[in-house]
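Q: I would like to learn how to read a protein structure. Please show it to me, and then we can go through its features.

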Amino acid sequence: VGSLTNPNDDWWAEVVYQFTYGADASTEAQTALVYPRQKRPVLTLGVKSSRPANANLRVLSLSWHRIDPHVTPDFAAWKSERLTMTVSDAAFSPLPGNGGEPLGRASFSVKNESAFGYWSAPFAVLLKRGSAVVGASATTLEAFEAGETRRVDLTWFGSVPGVDTVEVIPLINIFDASNYLPPRSGESLDTRTNFGQ
């Protein structure tokens with residue numbers, strides 16, 4: 001788990017990254033979008049290693065994309081219309097496992113309060129003790145309609161010590177026009193093809 005921050009007001013970033021660990025091991029390259037004035041986590045899950053040591057986030061490439069102020073004069077409002085996800089009732093609880101193996105469950109509800117639905121809505125889920133991340137996972141909600149609320153339960157296999165909070169962060173690419181669900185009858189869709197670029 002790492003984090004990326006974009007301090008710019010008018011540019012969004014496309015970042016290709018990987019994690020390095022151990023003597024010379026590295027993960028596969030992945031891509032993350034970072035919106036203006038956003039701090040977001042980046043994850044690489046399912047790495048086969050016995051406790052990777054000295055993990056570091058490495059940026060392999062960085063591409064900047066300017067938001068056209070003539071098309072999108074207020075990016076914050078444009079983003080809010082598309083990416084208002086309200087998380088409630090987030091909690092982590094230990095569970096009894098078969099054979100004495102410890103388990104845990106992160107549970108939360110998420111409501112899509114934006115004006116748009118998505119075919120695929122990915123979220124990062126971080127378990128935290130104070131400000132430290134002690135566990136990380138991801139989940140994707142398929143066909144997540146505007147106005148819809150979903151209850152999510154994620155199971156952790158193994159011991160996760162002292163979880164205080166569950167943080168849920170949407171990782172939806174709002175610039176991908178193909179990911180928007182078609183509007184329901186009676187609704188209109190913003191048909192600008194550049195999607196804020």
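**Surface, strands and three residues**

A: The accessible surface of the protein chain is about 11000 Å², and carbon and sulfur atoms hold 48% of this area. Accessible areas are computed by the Shrake-Rupley method with a 1.4 Å probe; for residues, only the protein chains shown count as cover. This is a predicted model, in which local features need pLDDT of at least 70 and side-chain atom pairs count only at pLDDT 80 or more, while totals for chains, interfaces and linings use all residues. Residues are numbered from 1 along each chain as its sequence is written, and side-chain values use heavy atoms, with hydrogens and water left out.

Q: How many helices and strands does the protein chain have?

A: Helices (H or I, at least four residues) and strands (E, at least two) are DSSP runs, numbered from the N terminus. Here there are 12 strands and 1 helix. In sequence order the pattern is β-β-β-β-β-β-α-β-β-β-β-β-β. The C-alpha trace spans about 55 × 40 × 25 Å along its principal axes.

Q: What share of the residues counts as buried?

A: Buried means under 20% relative accessible area, exposed over 50%, and partly exposed in between (1.4 Å probe, protein chains only). In this chain of 197 residues, 36% count as buried.

Q: Which residues in strands have a positive phi without being a glycine?

A: Asp89 is one case, with a phi of about 55°. Asp89 belongs to strand S7, residues 85-95, and is exposed at 57% relative accessible area. Ala143 is another case, with a phi of about 50°. Ala143 sits in strand S10, residues 132-144, and is partly exposed at 33% relative accessibility.

Q: Which residues is Ser120 in contact with, leaving aside its neighbours within four places in sequence?

A: Contact means heavy atoms within 4.5 Å. By that rule Ser120 touches Thr140, Leu141, Glu142 and Asn179. Ser120 is part of strand S9, residues 118-129, and is partly exposed, with 27% relative accessible area. From Ser120 to Asp24 there are 96 residues in sequence and 35 Å in space, C-alpha to C-alpha.

Q: What share of contacts joins residues at least 24 apart?

A: The share is 70%, taken among contacts between residues at least 6 apart in sequence.

Q: Where do the charges lie on average?

A: Lys and Arg count as positive and Asp and Glu as negative, with His and the chain ends not counted. The place of a charge is NZ of Lys, CZ of Arg, CG of Asp or CD of Glu. The mean positions of the 17 positive and 20 negative charges are 5 Å apart.
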